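Trainee: I should like to learn how to read a protein structure feature by feature. Where would you have me begin?

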Amino acid sequence: TRVRSSAASDVYKRQHMMKDLYTRLDALLRNDAGARGFSANAGAADMDALVKAFAAAKCALIITGFPVEADDGHICCETDGPIGAAHIARAFCDAGKKAYIATDELCYPQLAAAVRLRAPNAELIKLNGDMEELMGLGIDTVISIERPGKAQDGHCHTAKGRIIDGWLGADTDEEFESLHKHGAKTIAIGDGGNELGTGKLFNVTRRMVDHGEDIAAAQTADITLASGVSNWWGWGIAAIASVYLNRNVLPDEHEERAVLRAILDAGAVDGITKRSEESIDNIDIDKHIALLNEVHGMVKNHLDKQAE
């Protein structure tokens, strides 16, 4: 009986440790570094559902790519989105799962640059509205990260309310919804409330975010993840994969800097400053690295305790 009690106690302690890690991870990633009002008021994510969804997934589609107007007037992809998407794809591949990673024509070169460095085993897809192709891939999990989502008026908007439908090469709202109707679990990641799938936080966006009444995305997802910067949830999913695999699969500082440099060289710009510079959402890369190192510390501490 004492042996059974000890074993039950060990299981309880491990479950408690895991829950504590995920609670602290979610709180860390919801740090509203850009003072936008979205992540600060979103409330805690359903981490239990997220962990179960990752464990159950066999084939994931990750959708990203938010176009912006650069300071010289040309339209291109912003630095938030492709990096986090590549980290998520890598986490799924490391865990032995199939990962497709997708965007449309405009953001494809930047996403491809990120995938080459971080997720070479993932398969890139250029979205063009062909639902039949997507339906035949066996996708059971769809993750949107920093991808424009339609507001109640049926249009996609920038953070300042500008309609950008003409910049998009695929109706990813429709694709997201269709895959969900066919049984796929849906996960949405955003930092401003105008991102695909963040409709569960529609009222938060309308009340707390500048231009929220115009830009709030309407479509919902099974699981919604708010973050100070959407890319950060790439580390969050990698942290979950690390616990799942019992080894740290987070990107290191060198990899994080390299993938940013790669997408800048491919034509991305900071989504807020609109310039090609080593920042994401007007936050210098060094500050992102500091947060990444905190996530590393949390995961290392957890894995070390699990090994005791």
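Mentor: Begin with the naming of elements: helices and strands are DSSP runs, numbered from the N terminus, where a helix has at least four residues and a strand at least two. Please keep in mind that this is a predicted model.

Trainee: With those names in hand, where is Lys274 found?

Mentor: Lys274 is in the loop that lies between helix H10 (253-265) and strand E9 (279-280). Its phi is near 70°, a positive value in a residue other than glycine.

Trainee: Is Lys274 buried, exposed or partly exposed?

Mentor: The cut-offs are needed here: buried means under 20% relative accessible area, exposed means over 50%, and partly exposed lies in between. Lys274 counts as partly exposed because its relative accessibility is 26%.

Trainee: What is the phi of Asp281, and where does the residue lie?

Mentor: Asp281 has a phi near 55°, again a positive value in a residue other than glycine. It lies in the loop between E9 and strand E10 (283-284). With a relative accessible area of 8%, Asp281 is buried.

Trainee: Let us turn to strands. How many bridges join strand E4 to strand E5, and do they run parallel or antiparallel?

Mentor: Strand E4 (residues 98-103) and strand E5 (residues 123-126) run parallel and are joined by four bridges. As a point of reference in the pairing, Thr103 stands opposite Lys126 in E5.

Trainee: What unit do E4, helix H4 and E5 make?

Mentor: Together, E4, helix H4 (residues 108-118) and E5 make a β-α-β unit, and it is right-handed. Two residues help to place this unit. Leu106 is in the loop between E4 and H4, and at 27% relative accessibility it counts as partly exposed. Gln110 lies in helix H4 itself, and it counts as buried because its relative accessibility is 4%.

Trainee: How far apart in space are the C-alpha atoms of Gln110 and Ala262?

Mentor: They are separated by 7.8 Å, although their positions lie 152 residues apart along the chain. Set beside this the pair Leu106 and Ile223: 117 residues apart in sequence, they are 27 Å apart in space, C-alpha to C-alpha.

Trainee: How should I read a single helix, and what span does helix H9 reach?

Mentor: Compare the span with the expected value. Helix H9 (residues 232-245) has 14 residues and reaches 20 Å from its first C-alpha to its last, close to the 20 Å expected at 1.5 Å a residue. H9 is mostly covered, with 12 of its 14 residues buried. Among the buried ones are Trp232, Trp233, Trp235, Ile237 and Ile240. Asn246 follows H9 and has a positive phi, near 60°.

Trainee: How is empty space found?

Mentor: Rolling a probe the size of a water molecule over the atoms shows where empty space is left.

Trainee: What is the volume of the largest pocket, and how many residues line it?

Mentor: The largest pocket has a volume of about 640 Å³. Its lining has 26 residues, of which Arg36, Ala159, Lys160, Gly271 and Ile272 lie nearest the centre. By class, the lining has 11 charged, nine nonpolar and six polar residues.

Trainee: Which residues line the second largest pocket?

Mentor: This pocket holds about 260 Å³ of space. Its lining includes Gln15, Met18, Tyr22, Ala44, Met47 and Val51. The elements that give two or more residues to that lining are helix H1 (2-29) and helix H2 (47-56). H1 gives the most, with six residues. The classes here are six nonpolar, two polar and three charged residues.

Trainee: How many cavities of 30 Å³ or more are there?

Mentor: The count comes to one. About 40 Å³ of space lies in the largest cavity, which is lined by Leu50, Ala53, Phe54, Phe92, Thr141, Ile187, Ile237 and Ile240. H2 and H9 are the elements that give two or more residues to this lining, and H2 gives the most, with three. Seven of the lining residues are nonpolar, one is polar and none is charged. Ile237 and Ile240 thus join two parts of our reading: both line the cavity, and both are among the buried residues of H9.

Note on methods
Residues numbered from 1 in each chain as written. Predicted model: local features only at pLDDT ≥ 70, side-chain atom pairs only at ≥ 80, totals over all residues. Heavy atoms only, no water. Pairing = 2+ DSSP bridges. Right-handed = clockwise from strand over helix to strand, strands pointing away. Buried < 20%, exposed > 50% of the residue type's maximum accessible area, 1.4 Å probe, protein only. 1 Å grid on protein atoms, 1.4 Å probe; cavity = no way out; pocket = protein on both sides within 12 Å on 5 of 7 lines; lining within 4 Å. Points joined across faces, edges and corners; volume = space filled by probe spheres on them. Nonpolar A, V, L, I, M, F, W, Y, C, P; charged D, E, K, R; others polar. Expected span 1.5 Å × (residues − 1).
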